[in-house]
Every structure is written in C-alpha cells, then in structure tokens.
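Visitor: I would like to learn how to read a helix in a protein model, and I would be glad of a careful guide.

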Amino acid sequence: MPKLSGLLPKHQLKGVKWTHLEGLELADLVCDTPAAIDCIIGAELYPDYIRAGLRRGPAGSPIAYNTAFGWLITGPTDSPKIKQGVVKSFTLTINHTESLGDELCKFWELEELLSSPKLTPTEELCEKHFCSTFKRDTTGRYVVRLPFNNQPELPGSLAITKQRFWSLEHRLANNPALRQDYNRFMHEYETLGHMKRVSGSQLNQEGAYLPYHAVVTKKLRVVFNASQKASNGKALNDFLHVGAKLQVDIATILLR
C-alpha cells in the first residue's frame, strides 16, 4: 500500500455545530481542519487507552469516545457544506511507536545484501576452476575450459555421432538451399577458429563425440547435443559440475 490515509477530515468543518460535543476536552483541538495523520494505532492497544464515556448525537452526527488522550471524534458529519459524493467521516487515531524502530531494523536486515556470500564446496571449486583456466583471446573475448568434475567416459558416442551425421547428410541432400546455408555456416566456423579438421587416424572409440544438427530459426545455426547419452547411459552434461551445465551451443568438440 503506498499510503494508509489521506488528509482527515477531507473538507473544512468550521461552522458545523454538534451540541452533544460541547464542553469536551478533545484529543485533537483542530479536528475540524483537514490535516495529515500523525500516527496509526493498532487495535490490540485499544483496551489500554479507552475510558468510560460515550457521547452520541442525532443520526448523521459523529460520536465521541473518552480516552487517555482526551475525547476522540469519529463517525459521519452529514454536513450540507460538504460536496456530494465525498465520504462524510473523519477519524483520529494514535499509535504507540516504541517498537517501530525494531521492526524497521528487522526489515533492513532481511533486505541487506551480503558483502561476501557463502559458497558451497562445489561453487568454490567452479570459481577456482574459472580463475585458473580463463584467458582472453586476441579479439578480447573470454575463453574458459569446461568445468568437468571427472574425465568424460562416453563409449559408443562415435557410432551415435556418425549415425546422426549420415541422417543430416540425407536431409541436406534433399534440400539444396539448406545444404548451401549449412556449408556456409560450417566454413565460417572453421575460418573463425571455432573448429578444426582432424584426420581419420585421430578418431578413436574412446573419444567424447557430440552429435549435431542444423536448426533454422531466422537464420541457420548448428546445434550440438551435449545431452545425448552414450552406450553407458552417460552424457557429456553428466560430467559437468552442478550450475555449469553445457548449453546447446558449443564452440569446439573435445577429443581425447
């Protein structure tokens, strides 16, 4: 809530007389003049300040309550000087604010940012890995090694990757426009140094291989699938620390 109340009463009440209120020692001597609320009092404190004494007038007039602060005025005013459509009432409320400071302190303690957040052992290991392996290339881009928690073991991933490759080749053979965009994209990848050619002798069954395919949104992109499971039920993502899972876009393929 942006605010609890506006000016009360909403309009000047001078000239309005209620005989049942005459002679009372009011808690607010200018209760007939619009003014801001000084404080808000909770209902739980009502028994502590209310006193015996109640003054009622005719229908449409306010009621006076006797309290430890003096007489409080509340209720409708029903004054012909007040414009139609305006709520015809005003209220005086008082609050004990001794505990307000404590409540504000609790609020700021909850909202305050930690100057040195505590890291879990895994998060500390990932941060050390980043600090020890990151560098900037000649273009100013940051490069960092993937944070594997142990050596990837993906038996059978070469056969799965070849199968996906032949499936992609068949798709490209039936779509010359897609094949042209694909070749252009892969040539750009190689030119930028994101990948390099390897000889057949460098391929082995113990390597970690990623299948990939072409995806067309507004333009063609090549997507590597790091979630593809090998014959042991493991995927490359399974060897990464929590919080550093590999996304679909991979710049290089790692070979052992």
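Visitor: Which residues are buried in helix 4?

Guide: Before answering, note that this is a predicted model, in which local features need pLDDT of at least 70 and side-chain atom pairs count only at pLDDT 80 or more, whereas totals for chains, interfaces and linings use all residues. Residues are numbered from 1 along each chain as its sequence is written, and side-chain values use heavy atoms, with hydrogens and water left out. Buried means under 20% relative accessible area, exposed over 50%, and partly exposed in between (1.4 Å probe, protein chains only). In helix 4, a DSSP run (H or I, at least four residues) numbered from the N terminus, the buried residues are Ser157, Leu158, Ile160, Thr161, Leu168 and Leu172.

Visitor: Why do they lie on the same side of helix 4?

Guide: An α-helix has 3.6 residues a turn, so residues three or four places apart point the same way. Here the buried residues of helix 4 cover an arc of only 160 degrees around the axis (taken from the directions from the axis to the C-beta atoms), which puts them on the same side. On the other side of helix 4, Ala159, Gln163, Trp166, His170 and Ala173 are exposed.

Visitor: Which residue forms a salt bridge with Asp181?

Guide: A salt bridge is a side-chain nitrogen of Lys or Arg within 4 Å of a carboxyl oxygen of Asp or Glu. Asp181 pairs in this way with Arg184, their closest N and O atoms being 2.9 Å apart, and both residues lie in helix 5, 3 residues apart, about one turn of the helix.

Terms used
Helices (H or I, at least four residues) and strands (E, at least two) are DSSP runs, numbered from the N terminus.
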